[in-house]
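This report goes through a few local features of one protein model. Please look at the sequence and the structure before reading on.

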Amino acid sequence: MLPWLSDRSVGFPPVASALRDPDGLLAAGGALTPEWLLAAYRRGIFPWFSDDQPILWWSPDPRMVLFPEEIRVRRSLAKRLRNAGFRVTADTAFEQVVTECAAPRDGQPGTWITDEMREAYVHLHRLGAARSLEVWQAGELVGGLYGVAMGPVFFGESMFSRQADASKVALVQLARAMAAGGGRLIDCQMHTGHLASLGARDIARSEFIGYLEQWLGHAGSDHRKADNDVLAPTWSFEAIDTIA
């Protein structure tokens, strides 16, 4: 039976208890407050649900991740980075990026980025935990991504493109900035061929959780901040503000 979480106090079951089918479904209920969300990410858990569902929490096994130094830039993408006139910024249009990511994709009837989810991440952004990258071309927003930044880890949530390769450009710039500034891992959550083509790969959930405990602290550790404290990223988002 799927555990139902009370919204009165933050608490998650062990990630090892997540279902195998559907892969990684851990619990339902709780809330989308900063306390719940920040505690979830520290534990390798993220929310994902539709408008007609309760809040659902996931921790899949395996976990797709991208180590920043392993970003793969193929020749065609490198050419677009040099010649397409893209400009990449950070945190200049967070709400617009989330809105674009929430737009239904071709062949999809709706979106998992509900109004409730959008409001929750905008709140996190105002606290400094949720961050965005924007890709501009001729002054128009044509791509981007957003997620939650903690210490040396970036927990990716969603990305979008209005021009070919625009979301890839955002991810490449994020990986380069992280690699240059001490960032260690980009969480991609679930496997996609799109992310695999850029160098992301699957690792065991236990390995992923081990990285989080090493870099973000774990229950009982003296050096960890409280679950609801914002842990500043170790790399500079200002370094992203450049011509790609």
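Where does Pro62 lie? Pro62 is in the loop between strand 4 and strand 5, the latter covering residues 63-66. The model is a predicted one, and the values below are computed from it.

**Cis peptide bonds**

The bond leading into Pro62 comes from Asp61 and is cis, with omega about 10°. A cis peptide bond also runs from Asp21 to Pro22, where omega is near 0°. Pro22 sits in the loop between strand 1 and strand 2, and strand 2 covers residues 25-29.

| Cis bond | Omega | Place of the proline |
|---|---|---|
| Asp21 to Pro22 | near 0° | loop between strand 1 and strand 2 |
| Asp61 to Pro62 | about 10° | loop between strand 4 and strand 5 |

**The sheet**

Strand 4 also belongs to an open sheet of four strands, whose order is 1-2-4-3 and whose pairing is mixed. Its edges are strand 1, residues 4-5, and strand 3, residues 46-47, each of which pairs on one side only. How do strand 3 and strand 4 run? They run antiparallel, and two bridges join them. Strand 4 consists of residues 56-58. Across this pair, Pro47 stands opposite Trp57 of strand 4.

**Positive phi values**

Two residues deserve a look at their backbone angles. Ala138 is not a glycine, yet its phi is positive, at about 55°. Ala138 belongs to the loop between strand 7, residues 130-137, and strand 8, residues 140-150. Gln189, likewise a residue other than glycine, has a positive phi near 70°. Gln189 is part of strand 10, which spans residues 185-189.

Is Ala138 buried or exposed? Its relative accessible area is 82%. Exposed means over 50%, so Ala138 counts as exposed. For Gln189 the relative accessible area is 10%. Buried means under 20%, and therefore Gln189 is buried.

**A patch of charge**

Which residues gather in a patch of negative charge on the surface? They are Asp51, Asp52, Glu116 and Glu119. One of them, Glu116, is found in helix 4, which is made of residues 115-127. The relative accessibility of Glu116 is 43%. This value falls between the 20% and 50% limits, so Glu116 counts as partly exposed.

Notes:
Residues numbered from 1 in each chain as written. Predicted model: local features only at pLDDT ≥ 70, side-chain atom pairs only at ≥ 80, totals over all residues. Heavy atoms only, no water. Pairing = 2+ DSSP bridges. Buried < 20%, exposed > 50% of the residue type's maximum accessible area, 1.4 Å probe, protein only. Patch = residues over 30% accessible without salt bridge, like charges linked within 9 Å, V, L, I, M, F, W, Y side chains within 5 Å. Areas by Shrake-Rupley, 256 points an atom, 1.4 Å probe, with all protein chains shown as cover. Salt bridge = Lys/Arg side-chain N within 4 Å of Asp/Glu carboxyl O. Lys, Arg positive; Asp, Glu negative; His and termini not counted. Charge placed at Lys NZ, Arg CZ, Asp CG, Glu CD.
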